[in-house]
Amino acid sequence: MGISVGSLIFISYSDTLATDYPKSYTPMQTLMQIPVQKTSHSRLSQTDFKNLEFGKYIADHMFTATWNHGTWENSGIEPYAPISVSPAALGLHYGQTVFEGMKAYRMQNGDISIFRLERHSQRFNKSLERMSMAPVPLELFKESLLTLISLDSEWVPREEGSSLYIRPFCFASEERLGMKVSDEYKFMIINSPVGPYYAKPLKVKVEKHFVRAAEGGTGYAKCGGNYGGAFYPAAQAKKEGFDQIIWTHACGHETIEEAGTMNMMFVLDGKLITPPTSSSVLDGITRDSLLTLAGRLGIPQEVRPVTVSEIRDGLENGKLQEAFGAGTAAVVAPISHISIDDTLYEISGSQENAISLNLKKALTDIRTGKAEDFAGWNTILKA
Ligand code: COI
């Protein structure tokens, strides 16, 4: 069974289309019939839900669909297992690979909430478009994801602070060595029960030598190359004792960009400040959600270019009260130390009543059903 979406035309989804869909589902109530082959050897009992190292465990099933010259076909769910890929698959050589990171939460009444599904689908398609890859229609994205998570619903952790990390991804699978846009893609989803991404507050370095992305490049897309290219600079920073890098603008290194696994936010003189998104900065969905929540909580905010020198001044005169990362995997990751031009500063602001913690709590409460989902962010799978 497949969905034909014609030729490689980028489909943009409006919010109206997104809200046309029912927001609450009972298990296996789906709009499409996705063939399901169930595992006979669940790995649930071998999973230590009390110690969920990020990405260590993968849930029992995976979804796959194949794009073949203009049509998604052969979609289905089967037991999680290695796949067969041609050594000449274009994605392995020329980097047409894109992924998303999403989360499902166990709610206090036992239901499952999936956070901002339509927005992730839109961002996935923006990344796919930038990489000249086949679009994945919202219907296919949504139905495959909901069917997979209802099948693996026991993999959504019940432990506080844990969630099911959802990894939709797409790669060019056409067998060809000549450099060309692939005519064949795999769209897959795998899931992993996870605890906190970072175990403690981070010591970070403001990077002024290496560059993650430049304007006009692929920085806003969640394509594999953006992450692969960051490993070497991150390893150098690690040798110097840092957990992460804060990237700066490619021209002049004077303004803050993002941290690679998360967007950056600061509390400076009582105001929440964060750089705007751009072609070189990921349009973070956690970032966007925290800004919305800050607005509701009456926290003054500014979305504007943030200079390295004002962060340095704030660290020196004590006006920089908080610095933290915001991302799907990281959620809200407090930063304890920042190094700028070889000077290491400690952020000494008290953690009690920290804006970052209040925002994290507000977000978690919505996801777990403890607070009203005022913006319609949750897609609910009934227990
Ligand atoms: C995410 O937050 O989902 C990310 O993509 C960051 C990282 C795990 C690569």
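**Ligand environment and domain arrangement**

In this predicted model, a polar side-chain atom of K222 lies 2.6 Å from an oxygen atom of the ligand, a polar contact being a pair of N or O atoms within 3.5 Å. Two backbone partners complement this description: a backbone N or O atom of A329 is placed 2.8 Å from a ligand oxygen atom, and a polar backbone atom of T328 is found 3.4 Å from an oxygen atom of the ligand. Taken alone, the ligand exposes 280 Å², of which the protein buries 91%, with accessible areas computed by the Shrake-Rupley method using a 1.4 Å probe.

The model is predicted, and local features require pLDDT of at least 70, side-chain atom pairs pLDDT 80 or more, whereas totals for chains, interfaces and linings use all residues. Residues are numbered from 1 along each chain as its sequence is written, and side-chain values use heavy atoms, with hydrogens and water left out.

The ligand is surrounded by F99, G101, Y165, Y197, K222, Y227, T261, T328 and A329, where a residue counts as near if one of its heavy atoms lies within 4 Å. This shell comprises five nonpolar, three polar and one charged residue, under a classification in which Tyr counts as nonpolar and Gly as polar.

The protein chain is divided into domain 1 (2-195 + 369-381) and domain 2 (202-349), with bounds taken from an automatic or database domain assignment. Because both domain 1 and domain 2 give residues to the shell around the ligand, the ligand lies between them. The centres of the two domains, taken over C-alpha atoms, are separated by 28 Å, and 20 residues of domain 1 are in contact with 21 residues of domain 2, contact meaning heavy atoms within 4.5 Å.

Note on methods: A polar contact is a pair of N or O atoms within 3.5 Å; within protein, one must be able to donate a hydrogen and the other to accept it, and residues adjacent in sequence count only if both atoms are side-chain atoms.
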